[in-house]
Amino acid sequence: MIRSAVTVSLVEQARRGPFVFHSDLPAACAAAAELGFHAIELFAPSAQHIRQLPLQQLLTQHGLSLAAAGTGAGMLIHQLSLCDPDPARRQQAELFISDIIDAAAEFQAPAIIGSMQGRWTDNTDRTTALSLLSAALHRLGDRAAKAGTVLLYEPLNRYETNLCNTLQQGCELLNACGSDSVKLLADLFHMNIEETSIAQALLDAGTAVGHIHFVDSNRQAAGLGHIDFRPIAAALQQLNWHGYASAEAFPLPDSQSAAEHTIRSWQQLFGRQSA
Ligand code: LER
Ligand code: MN
């Protein structure tokens with residue numbers, strides 16, 4: 001079953017970021033439930049922040065699940081990354097992520113590594129950066145497995161990382177990392193920039209894909225850009241894929257409309273498959 005989720009950011013520094021709902025978690029949960037979403041995906045400043053929220057109460061009240069928790073605040077607020085040339089900074093990055101893995105696991109949800117992967121630079125060459133990332137993913141995958149969940153690793157487009165831009169590169173990294181507990185996050189916005197065929201890339205990656213960022217070419221809600229979602233839905237159906245299609249999109253023209261467009265597209269594409 002492909003379940004629907006919608007993003008909520010509680011990170012002040014990400015106010016202009018691609019999240020459907022911002023700041024007000026109770027209002028976001030109420031709106032998500034009202035529209036029929038199964039879950040929310042949370043982008044929070046830290047694990048400590050997540051633990052201080054009345055998250056369980058809100059999820060229970062609205063019959064929602066937690067689909068995943070992002071870790072990008074570690075980069076956005078603290079400029080941390082898993083391939084920083086400074087070992088102490090790398091350790092801080094790993095600690096920041098492992099705390100979020102544990103906090104999300106309390107809700108049976110995985111953490112996401114996107115921008116926290118970092119990039120290779122003049123100070124860390126590509127091979128070194130990829131091996132640092134691979135080793136960190138292995139340890140963090142173990143951490144997730146111990147907490148009863150998985151870890152999601154997200155290839156990003158070339159303007160956001162120079163490590164892995166495609167699902168194929170993501171699969172190679174996961175093979176090198178050698179942990180069954182790390183899955184790929186397929187973000188359709190990044191894939192629209194990097195893949196030759198989004199549907200074929202999903203078919204090729206198959207069971208390595210654990211989560212989808214369901215969004216259009218212009219990073220607006222699905223249906224508001226020019227991605228043809230029909231071959232993507234057909235590929236997922238062919239794979240008998242199970243997981244969340246989670247709307248990581250700009251709140252355009254506003255949060256409520258972006259959420260409405262998303263759920264309408266989700267119902268047209270996946271509603272029948274998922275009934
Ligand atoms: C960043 O562009 C992105 O897609 C996020 O999901 C990564 O944290
Ligand atoms: Mn994404």
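Select ligand 1 and the residues around it (those with a heavy atom within 4 Å): in this predicted model, the shell consists of Gly114, Ser115, Glu154, Leu156, Glu160, Asp187, His190, His213, Arg219 and Glu248. Residues are numbered from 1 along each chain as written, with chains lettered from A and ligands numbered from 1 in written order. Local features need pLDDT of at least 70 and side-chain atom pairs 80 or more, while totals for chains, interfaces and linings use all residues, and side-chain values rest on heavy atoms, without hydrogens and water.

Next, display the polar contacts (pairs of N or O atoms within 3.5 Å) made by oxygen atoms of ligand 1. A side-chain N or O atom of Glu154 is 2.7 Å from one such oxygen, a polar side-chain atom of Asp187 lies 3.0 Å from an oxygen of the ligand, and for Glu248 the distance is 2.6 Å. The protein buries 87% of the 260 Å² that ligand 1 exposes when taken alone (Shrake-Rupley method, 1.4 Å probe).

Now select ligand 2, the manganese ion, whose protein donors (N, O and S atoms within 2.8 Å of the metal) are Glu154 (OE), Asp187 (OD), His213 (ND1) and Glu248 (OE), at 2.1 to 2.2 Å. Along the sequence, these donor residues follow the spacing E-x32-D-x25-H-x34-E.

Methods:
Polar contact = N/O pair within 3.5 Å; in protein donor to acceptor, adjacent residues only side chain to side chain. Donors = N, O, S within 2.8 Å, 3.2 Å for Na, K, Ca; no water.
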